[in-house]
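Here are a few short exercises to work through with the model open in your viewer. Try each task before reading its solution.

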Amino acid sequence: MLASRASRGISLGQVVLSSVPADSRVHAEPSHESHVTSLVYGSSLAGEGIPRFEMSENEMPARNAARFVHDELLMDGSPALNLASFVTTYMEDEAEKLMIENLSKNFIDLEEYSSCGEIESRCVNIVARLFNAPLHDAESEALGVSTIGSSEAIILAVLAAKRRWQNARRLAGKSTEKPNIVMNAAVQVCWEKAARYLEVEERYWYCKPDSFVMDPAEGVALVDENTILVCAILGTTYTGQYEDVAKINDLLEKHNKEHDLDVRIHVDAASGGFVAPFVCPDLVWDFRLPLVCSINASGHKYGLTYAGVGWAVWREKKYLPDEILFTVNYLGAPQVSFTLNFSKSAVQVLGQYYVFLRLGKSGYRSIMNNLTSIADGLAKSVVEMGDGKLFTIISEGGGKGLPLVAWRLTEKKKYDEFAIASHLRQRGWIVPAYTMAPKTEQLKLLRVVVREDFSKSRCDTFVRDLKATIEYLENAPDALTAHLSKGGAHHTKHSAARQSAK
């Protein structure tokens, strides 16, 4: 990458914050050569260097600039073979064309692009109704907003909950110090960000070796007068399992009455929000539960839209205090803003609306059930390897969780899950090997996320390559398998550091 890891950026796992090296480092260290090869074939620029860390003095022809950037990206993995990501990697040509046509539109400028605002409103209504928002009272209607993704949606939900809690405490003459959120330690990192950025205590229920979703009774027992929200996850990042939101609601309702509290639930449906309504419609997890006050979902995950769109929906206006809503008029007309950023592209919302129109409920139902079937088939193939004794499946099948497969080695071998992932990479497959959430980090897992473009045929190819990988590692020299397995040491260390931060 242009701002390379060698620039001594702050590194946490694979995430790097790029530093700006001093001139002395740029010239002194071979890894910080001040020019990179242009790779512009058949032109007078082919032998010239391009500054790595600063803008060139002179212009470059468009063709050459495009070729250079293209070549810089050649070493990236293939999105279609990236089985680590939940994010959509396929959209139809018609959707892509529509999005390209609207690339120059700034979504926030609703006075100029009022049709984009109308389309967002339609999408919010579609999502709210999908999540069974109450429609019986015109005085307490649901409302929502598009976001860049679930991270922004969750930060907004935590902000709203904290401010609502503070207002209620002040009205009662009580302290507004030490607010907390009750949640599973297996939450996605955006929850940790929301808590720390907004100065809210992270109050965790910790996973156990045989249990990775929050026990409702144990979770509710953590709730006190300073709790601003209980987070329930509809599809954990680690195993894809759904937490029992209905049970959490029932126990929390009882707990609130016994302790004179008014604690509500936010459902993190980043991944499951567009799966559960179509695969298991009888599962009650959404606004049908009286204590669910807000829900987020990622349009760019199983909403089947390219990265950059999420949704946040609140049961009614009382859960959004007025002081966190901003009205601006310098774009031509007064408009209310409740987002972390201001300007953003309109194309992701337009792409989401295209998918809603294109698929309808029947299309989503067909796709999600197909993905569930492929995931179940993959799990069956994985568990049958090694005479059925090699792997143990951690995820849940049959539509009881997300369409993914998470598994681990049943017994200790001379190679581990990280060695398997490393060797699969040689075939182009990007399969994450990782350690479980804090206090269960001794467990190592592999995970395949089944997305729309992971067809049955591609799944069969992956199974073939996984079998070949196991055969190779079984017969490989011990020194080699030990080296490949060392990849897990960094992840275990990082998990321990994350746990100590809590």
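**Exercise 1. Take stock of the fold.** Find how many helices and strands the protein has, and what percentage of its residues count as buried.

*Solution.* Start with the secondary structure: this predicted model has 14 helices and 17 strands. Next, turn to burial: 49% of the 502 residues count as buried. Finally, look at contacts with a separation of 6 or more: 70% of them join residues 24 or more positions apart.

**Exercise 2. Map the nonpolar cores.** Determine how many residues the largest nonpolar core has and which helix gives the largest share of it.

*Solution.* The largest nonpolar core has 108 residues. Within this core, the most contacts belong to Ile-265, Met-368, Ile-420, Phe-454 and Phe-462. Helix H10, residues 347-384, supplies the largest share, with 17 residues. Apart from this core lies another one of 33 residues, including Val-158 and Phe-338. For a closer look, pick Ile-265: leaving aside residues up to four places away in sequence, its contacts include Leu-229, Val-245, Leu-252, Leu-291 and Cys-293. As background, nonpolar side chains tend to be buried together in soluble globular proteins.

**Exercise 3. Classify two helix pairs.** Work out how H5 is oriented to H6, and how H11 is oriented to H12.

*Solution.* Begin with H5 (residues 150-171) and H6 (residues 189-197), whose axes come within 9 Å and cross at roughly 40°. Angles under 35 degrees would count as roughly parallel, and those from 65 to 115 as roughly perpendicular; H5 and H6 are therefore oblique to each other. The crossing of this pair is right-handed. At the meeting point, Ser-151, Ile-154, Ile-155 and Val-158 of H5 contact Cys-190, Trp-191, Ala-194 and Tyr-197 of H6.

Now take H11 (residues 417-425) and H12 (residues 456-475): their axes come within 10 Å, with a crossing angle of roughly 120°. H11 and H12 are therefore oblique as well, and their crossing is right-handed. Here Ala-419, Ile-420, His-423 and Leu-424 of H11 meet H12 residues, among them Phe-462, Leu-466, Ile-470 and Leu-473.

**Exercise 4. Find the two faces of H13.** Which residues of H13 are buried, and which exposed residues sit on the face turned away from them?

*Solution.* In H13, residues 478-485, the buried residues are Thr-481, Leu-484 and Ser-485. They lie on the same side of H13 because they cover an arc of only 100° around the axis. The face turned away from that buried side carries the exposed residues Ala-479 and His-483. A general rule helps here: an α-helix has 3.6 residues a turn, so residues three or four places apart point the same way.

Key: Residues are numbered from 1 along each chain as its sequence is written. This is a predicted model: local features need pLDDT of at least 70, side-chain atom pairs count only at pLDDT 80 or more; totals for chains, interfaces and linings use all residues. Side-chain values use heavy atoms; hydrogens and water are left out. A nonpolar core is a set of buried Ala, Val, Leu, Ile, Met, Phe, Trp, Tyr and Cys residues joined through side-chain atoms within 4.5 Å. Buried means under 20% relative accessible area, exposed over 50%, partly exposed in between (1.4 Å probe, protein chains only). Helices (H or I, at least four residues) and strands (E, at least two) are DSSP runs, numbered from the N terminus. Contact means heavy atoms within 4.5 Å. The arc is that of the directions from the helix axis to the C-beta atoms. Axes are lines fitted to C-alpha atoms, for helices over the stretch in contact, and angles run from 0 to 180 degrees between N-to-C directions. Angles under 35 degrees count as roughly parallel, over 145 as roughly antiparallel, 65 to 115 as roughly perpendicular and the rest as oblique. A crossing is left-handed if the near helix is turned anticlockwise from the far one by less than a right angle, and right-handed if clockwise.
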